[in-house]
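Work through the following exercises with the sequence and the 3D structure open beside you. Try each task before reading its solution.

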Amino acid sequence: SLGSTGGGGWKKWWQARIAREGQSSETANKDFTYMNGMLGRFYEDLEHEDPPRPFAGISIRDRHAKPSQKLEVPVDWIVEKWFAPGALDGLNEEARDILLISIETGCRQNEIYNLPSSAICLNDPIPHLRIAHEASDDPDERREVKNLSSHREIPLVGVALAAAKRHPDGFPRYRNKSSYSASVNKYLRENGMLPTGVTIGGTRHS
């Protein structure tokens with residue numbers, strides 16, 4: 001069907017779905033990106049000299065859409081609620097320390113729980129995390145970052161350094177899985193430790 005309709009046909013399909021179901025333009029644009037990437041890799045494997053790019057430049061703009069950035073977790077809230085004695089004792093050790101590293105560094109959660117042991121550099125003069133794309137046949141060493149500008153080294157200090165020292169080999173319980181956010185959000189909400197409308201993803205913006 002892509003051969004007959006191309007990206008333009010896919011865009012019309014999404015426009016109809018947005019009107020019918022209330023889906024967001026952001027969801028549609030992510031789909032265009034995924035399709036573009038999938039086809040690019042497909043034609044690259046075929047060593048196609050002039051691959052078609054039916055999704056290049058395809059997007060849907062919603063002038064009335066609200067900004068999608070997650071609301072930040074107020075710093076005072078973190079200090080008073082999350083750092084209160086015993087507040088995080090109900091979380092398993094990996095979940096607690098992923099949260100502590102995200103608080104101190106502002107890293108995305110998946111950047112932390114997908115870290116291979118080789119990217120937790122505790123013996124360097126400045127202990128740090130190495131956030132980078134890793135291509136590997138070993139799923140425990142493989143990871144992707146959001147974009148090129150996300151490649152960086154993050155110094156470890158304070159509670160983040162202490163947490164990393166407790167997990168020098170990373171976080172196998174959550175590595176390459178998607179269960180971390182839901183379980184930690186649930187715990188914090190059930191214990192009155194998340195402001196209304198805020199999720200732990202907001203630590204990235206705190």
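Two residues are in contact when heavy atoms lie within 4.5 Å. The model is predicted, so to speak of local features a pLDDT of at least 70 is needed, side-chain atom pairs count only at pLDDT 80 or more, and totals for chains, interfaces and linings use all residues. Residues are numbered from 1 along each chain as its sequence is written, and side-chain values use heavy atoms, with hydrogens and water left out.

**Exercise 1.** Find the element that holds glutamine 109, and decide whether this residue is buried or exposed.

*Solution.* Begin with the element: glutamine 109 belongs to helix H5, residues 109–113, where a helix is a DSSP run of H or I with at least four residues, a strand is a run of E with at least two, and both are numbered from the N terminus. Next take the accessibility, for which buried means under 20% relative accessible area, exposed over 50%, and partly exposed in between, with a 1.4 Å probe and protein chains only. Glutamine 109 has 12% relative accessibility and therefore counts as buried. Finally, list the contacts: apart from neighbours within four places in sequence, glutamine 109 touches Ile98, Tyr180, Ser181, Ile200 and Gly201.

**Exercise 2.** Describe how the strands are arranged in the sheet.

*Solution.* Start from the whole chain, which has seven helices and three strands and follows the pattern α-α-α-α-α-β-β-β-α-α along the sequence. The three strands make an open sheet, ordered S1-S2-S3, with antiparallel pairing; two strands pair if DSSP finds at least two bridges between them. At the edges are strand S1 (120–121) and strand S3 (152–155), each of which pairs on one side only. Looking closer, S1 and strand S2 (residues 128–131) are joined in the antiparallel sense by two bridges, and isoleucine 120 has leucine 129 in S2 as its bridge partner.

**Exercise 3.** Which phi values do glutamate 47 and asparagine 176 have, and where do these residues lie?

*Solution.* Recall first that most residues other than glycine have a negative phi. Glutamate 47, although not a glycine, has a positive phi of about 55°; its place is the loop between helix H2 (25–45) and helix H3 (75–82), and with 69% relative accessibility it counts as exposed. Asparagine 176, again not a glycine, has a positive phi of about 60°. Asparagine 176 sits in the loop between helix H6 (158–166) and helix H7 (180–190), and its relative accessible area of 44% makes it partly exposed.
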